[in-house]
Amino acid sequence: MMLSAIRSATRRSLATSNLRSATSLRCSSSVLSSPSPSQQQQQQQQSCRQYSSVYRTTTPLLMPTKTIEVPTMGDSITEGTIVDIPVGPGDYVFEDDVVIVLETDKVSVDVRAPEGGKVLEILGEVDDVVEVGSGLYRLDTDAEAPAGGGASEAPADVEAPAAAETPVAAAAPTPPPAAAAPAPVKQAAPPASSASLPVMESVTTSLGNRPERRSKMSRMRQRVAARLKESQDTAAMLTTFQEVDMGNFMEMRHRHKDEFQKKHGVKLGFMSVFVKACTSALQEVPSINAYIDDETKEVVYRDYCDISVAVASPNGLVVPVLRNTEYMTFADVERTIALFGSKAKENKLSLDDMSGGTFTISNGGVFGSLMGTPIINQPQSAILGMHATKMRAVVDEKGNVVARPMMYLALTYDHRLIDGREGVTFLKSVADKITDPAKLVFDI
């Protein structure tokens, strides 16, 4: 492989040399045979232009340098921020190595090397905003990989510390001991007055160390903050609450969870029953699944259910979308949510995973939240908040006071589109289906 590369370079060098010689001969012959100075000057300029044109197209072959551009990161993403540069100029990278990490409004994108080579130049710095299609770094694909592999190592010859070369200064002579100072003469204390009050010493409370630190907001956190504030400024949000008895579903889950996991390879959690209950209720109350098109002043009703599920990630809260939940089974829901959770922890969620969504479920109960008012994820019109399940005293149908596992549900909806009747009807339908899971089986 090395021999073929040397032969190729030699052929290109000989071709360039022959081209220069032929061009110089043409220039000299044109000078000798030129009938007039003006024609001679025109022929000479034309020959030089041909030589320079061919030389420009031939020269890059001797050093194939590629400029890697900012990749396309989604239809709505036009720029990103450089948040990390793991390598530097002079480092050798192999194919698929991460060279630069970009952060957008929704995800982080690893820009990897398309092939092995030496990084010549990074065309940006950390915190720089770069647009899609602009140059990001330059890569020399003809460079050879170092023997040890990976990035270029530090040079072996390291300069000795300057302190080692500096001779130790001679010890200064020890000064003679100073003469002992005379002991201060103690003055007699004034006689205490019986009428004088005791002097109180000032007490200073130690507050300890009180440091502060600043951290720049990530691009994703800035976008989340802007979207939440935009939602508050746009929608007329109203929250209604409903409590739900989780006892029947918890008992059914306890009976069948082992068999469910054995057959489907995934654990049976709470999210699947809530997704299916919300999907059924969305089909019963279509206005919850609709949204307002502010440009055309129209209400858009969607006959499909794409439910966004809030998932915590190292970079913040993300909301991947379960698509067409009306066709999904309990196992499909649990399997997809587990996949999204794994991708979120590894920071591998794509824009396609989080785009769209007609309704959102937020489960604050996993953190112990007892009650809260979630904020609508625009341009959706409603969001359901799940909370912690607590044993509480309730009165059953027979009038007995019993302890039951209860959960508070919160539905925040856009009052511009959804009236109180639709909002309460939707939430009550979800609660009834959770209280009696048989209603999901019989579609009632």
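1. Let's start with Arg219, which counts as buried at 15% relative accessibility, because the cut-off for buried is under 20%. Keep in mind as you read that this is a predicted model. The side chain of Arg219 meets that of Glu79 in a salt bridge, with N to O at 2.9 Å. Arg219 belongs to helix α4 (residues 219–234) and Glu79 to strand β2 (residues 79–84), so their pairing ties together parts that are 140 residues apart in sequence. Glu79 itself is partly exposed, its relative accessible area being 29%.

2. A second pair worth a visit is Asp245 with Arg404, a salt bridge whose closest N and O atoms are 3.0 Å apart. This pair links distant parts of the chain, as Asp245 sits in strand β9 (residues 237–245) and Arg404 in strand β19 (residues 401–414), 159 residues apart. How accessible is Asp245? With a relative accessibility of 17%, Asp245 counts as buried. Arg404, on the other hand, is partly exposed, at 25% relative accessible area.

3. Next, have a look at Lys343 and Asp353, whose side chains meet in a salt bridge at 2.7 Å, N to O. Here the partners come from helix α7 (residues 330–345) for Lys343 and helix α8 (residues 351–354) for Asp353, so the bridge ties together parts that are 10 residues apart in sequence. Lys343 is partly exposed, with 23% relative accessible area, while Asp353 counts as buried at 14% relative accessibility.

4. Salt bridges can also share partners, and in this way Asp96, Asp110 and Arg112 are joined into one network. In total, the structure holds 19 salt bridges. As background, side chains of opposite charge can pair when their charged atoms come close.

5. Now to the pockets. The largest pocket has a volume of about 940 Å³, and 38 residues line it. If you want to find its centre, look for Arg227, Leu228, Val319, Asn377 and Gln378, the lining residues that lie nearest to it. Two or more lining residues come from each of α4, β14 (316–318), β16 (359–363) and β17 (382–386).

6. Which element gives the most to the lining of the largest pocket? That is α4, with seven residues. You have met this helix already, since Arg219 of the salt bridge with Glu79 lies in α4. By residue type, the lining of the largest pocket divides into 15 nonpolar, 15 polar and eight charged residues.

7. The second largest pocket has a volume of about 510 Å³. Its lining is made up of 20 residues, and those nearest the centre are Met271, Ala310, Val311, Asn363 and Val366. The elements giving two or more residues to this lining are β13 (311–313), α7 and β16. Strand β16 may sound familiar, as β16 also gives two or more residues to the lining of the largest pocket.

8. What does α7 give to the lining of the second largest pocket? Helix α7 gives four residues, the most of any element. This helix, too, has come up before, because Lys343, the partner of Asp353, lies in α7. As for residue types, the lining of the second largest pocket divides into 12 nonpolar, six polar and two charged residues.

Definitions and conventions. Residues numbered from 1 in each chain as written. Predicted model: local features only at pLDDT ≥ 70, side-chain atom pairs only at ≥ 80, totals over all residues. Heavy atoms only, no water. Salt bridge = Lys/Arg side-chain N within 4 Å of Asp/Glu carboxyl O. Buried < 20%, exposed > 50% of the residue type's maximum accessible area, 1.4 Å probe, protein only. 1 Å grid on protein atoms, 1.4 Å probe; cavity = no way out; pocket = protein on both sides within 12 Å on 5 of 7 lines; lining within 4 Å. Points joined across faces, edges and corners; volume = space filled by probe spheres on them. Nonpolar A, V, L, I, M, F, W, Y, C, P; charged D, E, K, R; others polar.
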